[in-house]
Amino acid sequence: MKPKDNKENLSECLCPYCSVYTRCAKEKKERLFCGRGKTACAMNTNNMCICGGCLVYRKNKLSGGYFCVNELE
Amino acid sequence: MLKKLKILGLCLSQRGKESNTYYLLKNAFDQIKNKEIEKEIIIASELKLRPCEHHYSVNPKMCVHPCLITQTDKTDEMKKIYDAILYSDIIIFATPIYWGSHSSLAQKVIERLNSLENSCSVFKKVLVKNKIGGIMVLGHEDGYQHVVGNLMNFMTKLGVIFPPQAYAAWVGESDENTSRDRTRLEQDQDIKAEFNGLVENLVNFSKKVLFCEDCGKKFDYEFVSKRKVE
């Protein structure tokens, strides 16, 4: 299930703390990629994604990761 | 009519084509003269393979197939190994022994293959089934039974089926003269017979098990563990 783009999920979102996250995404105030969709920025995908450690991920029973570059189906 | 069998050899030595592992694997494959058998050897050291990032340990549901590295890094070539395994009937892991264990390259490939195994154990979807497995191990000193045990442990969880006597192994004299090993392997017909025999065993077993020539039916079996996943 695609997470909702709401305050609760935004407060729990780990995207800005992830090593994949870039300054570009920060400047555009992008986050909660699993709920909002992919980024317009280039991301550090050679770094390790931490989506699976996020409460939003577990509450919504997601699988996979790198939702900043992979659209959640 | 018998389906064309595909046999895959994964050479997991860091020395690639120069290795004794490749020499014995290639020699055994060259003995297969049946044109109905498709052969492929993948030399893992020639591929660009990023190490597994252990997403499984963050959350088992992050370890998916295609692997997240495969999805995000187009330069990573693990897909060649995934696809070859999924499209083969017989899979041979061929590794040297280094400090009593399989090669670090073999370990890297095994860890990346976790995504295929995880598909069954976590997502309850069987990707690897109806495949026959075999193992080739060689080293200059001892340790082959331990290495075979480790590889069998992984391969059975991956989903392959083993025939009796599913491995061939050779170890040298346990001295410092590794440079003599190749000559020994080239000249000793008994060693070659052991490795060639494994391939013959795997092909014969596959023909018996995977395809019923008399009834025309194809073997199809899968098992999914009932172990709970959150």
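How many residues of chain B are in contact with chain A, and how many of chain A with chain B? That was my opening note, and I kept in mind that this is a predicted model.

**Entry 1: where the chains meet**

I looked up the contacts and found 14 residues of chain B touching 18 residues of chain A. I then asked for the buried area between chain B and chain A, which came out at about 1100 Å². Carbon and sulfur atoms give 55% of that area. Next I looked for salt bridges between chain B and chain A and found zero. Polar contacts gave another result: seven residue pairs between chain B and chain A, with both partners at pLDDT 80 or more.

Which elements of chain B give two or more residues to the side that touches chain A? I noted helix H2 (55-58) and helix H3 (68-72) of chain B. H3(B) gives the most, with three residues. I also sorted that side of chain B by class and wrote down five nonpolar, five polar and four charged residues.

**Entry 2: a covered strand in chain B**

I turned to strand S5 of chain B, residues 132-139, and asked how many of its residues are buried. Eight of its eight residues are. In a regular strand, side chains alternate between the two faces of the sheet, and I went through S5(B) one face at a time. On one side I listed B:Ile132, B:Gly134, B:Met136 and B:Leu138, and on the other B:Gly133, B:Ile135, B:Val137 and B:Gly139; all are buried.

What does S5(B) pair with? I found strand S3 (residues 90-98) of chain B running parallel to S5(B), over seven bridges. In this pairing B:Ile92 stands opposite B:Gly134. Strand S6 (residues 167-171) of chain B also runs parallel to S5(B), and five bridges join the two. There I marked B:Ile135 opposite B:Tyr167.

**Entry 3: salt bridges**

Side chains of opposite charge can pair when their charged atoms come close. I searched the whole structure and got 17 salt bridges over all chains. I wrote up three pairs.

My first pick was A:Lys2 with A:Glu71, whose side chains meet at 3.8 Å, N to O. A:Lys2 lies in the segment before helix H1 (7-12) of chain A and A:Glu71 in the segment after H4 of chain A, so this pair ties together parts 69 residues apart in sequence. I checked how open the partners are: A:Lys2 is partly exposed at 40% relative accessible area, and A:Glu71 is partly exposed at 42%.

My next pick was B:Glu40 with B:Lys6, where the closest N and O atoms are 2.7 Å apart. B:Glu40 sits in strand S2 (residues 37-43) and B:Lys6 in strand S1 (residues 5-11) of chain B, so the bridge ties together parts 34 residues apart in sequence. B:Glu40 is partly exposed, with 27% relative accessible area. B:Lys6 has 11% and is therefore buried, as the cut-off is under 20%.

Then I looked at B:Asp73 and B:Lys48, whose side chains meet at 3.9 Å, N to O. B:Asp73 is in the loop between H3 and helix H4 (78-86) of chain B, while B:Lys48 is in the loop between S2 and H2 of chain B, 25 residues apart. Buried or exposed, I asked of B:Asp73? At 8% relative accessible area, B:Asp73 is buried, whereas B:Lys48 counts as partly exposed at 40%. I also noted that salt bridges with shared partners join B:Lys48, B:Arg50, B:Glu53 and B:Asp73 into one network.

**Entry 4: A:Cys68 and A:Thr39**

I finished in chain A. A:Cys68 is in the segment after helix H4 (55-59) of chain A, and at 8% relative accessibility A:Cys68 counts as buried. Leaving out residues up to four places away in sequence, A:Cys68 touches A:Val20, A:Phe33, A:Lys38, A:Thr39 and A:Met43.

I followed the contact to A:Thr39, in the loop between helix H3 (33-36) and H4 of chain A. A:Thr39 counts as buried too, at 16% relative accessibility. Its side chain makes a polar contact of 2.4 Å with the side chain of A:Glu30. With the same sequence neighbours left out, A:Thr39 touches A:Glu30, A:Phe33, A:Cys68 and A:Val69.

Technical notes: Residues are numbered from 1 along each chain as its sequence is written. Chains are lettered from A and ligands numbered from 1 in the order in which they are written. This is a predicted model: local features need pLDDT of at least 70, side-chain atom pairs count only at pLDDT 80 or more; totals for chains, interfaces and linings use all residues. Side-chain values use heavy atoms; hydrogens and water are left out. Helices (H or I, at least four residues) and strands (E, at least two) are DSSP runs, numbered from the N terminus. Buried means under 20% relative accessible area, exposed over 50%, partly exposed in between (1.4 Å probe, protein chains only). Contact means heavy atoms within 4.5 Å. Buried area is the accessible area (1.4 Å probe) that two parts lose on being put together, summed over both. A salt bridge is a side-chain nitrogen of Lys or Arg within 4 Å of a carboxyl oxygen of Asp or Glu. A polar contact is a pair of N or O atoms within 3.5 Å; within protein, one must be able to donate a hydrogen and the other to accept it, and residues adjacent in sequence count only if both atoms are side-chain atoms. Ala, Val, Leu, Ile, Met, Phe, Trp, Tyr, Cys and Pro count as nonpolar, Asp, Glu, Lys and Arg as charged, and the others, Gly among them, as polar. Two strands pair if DSSP finds at least two bridges between them.
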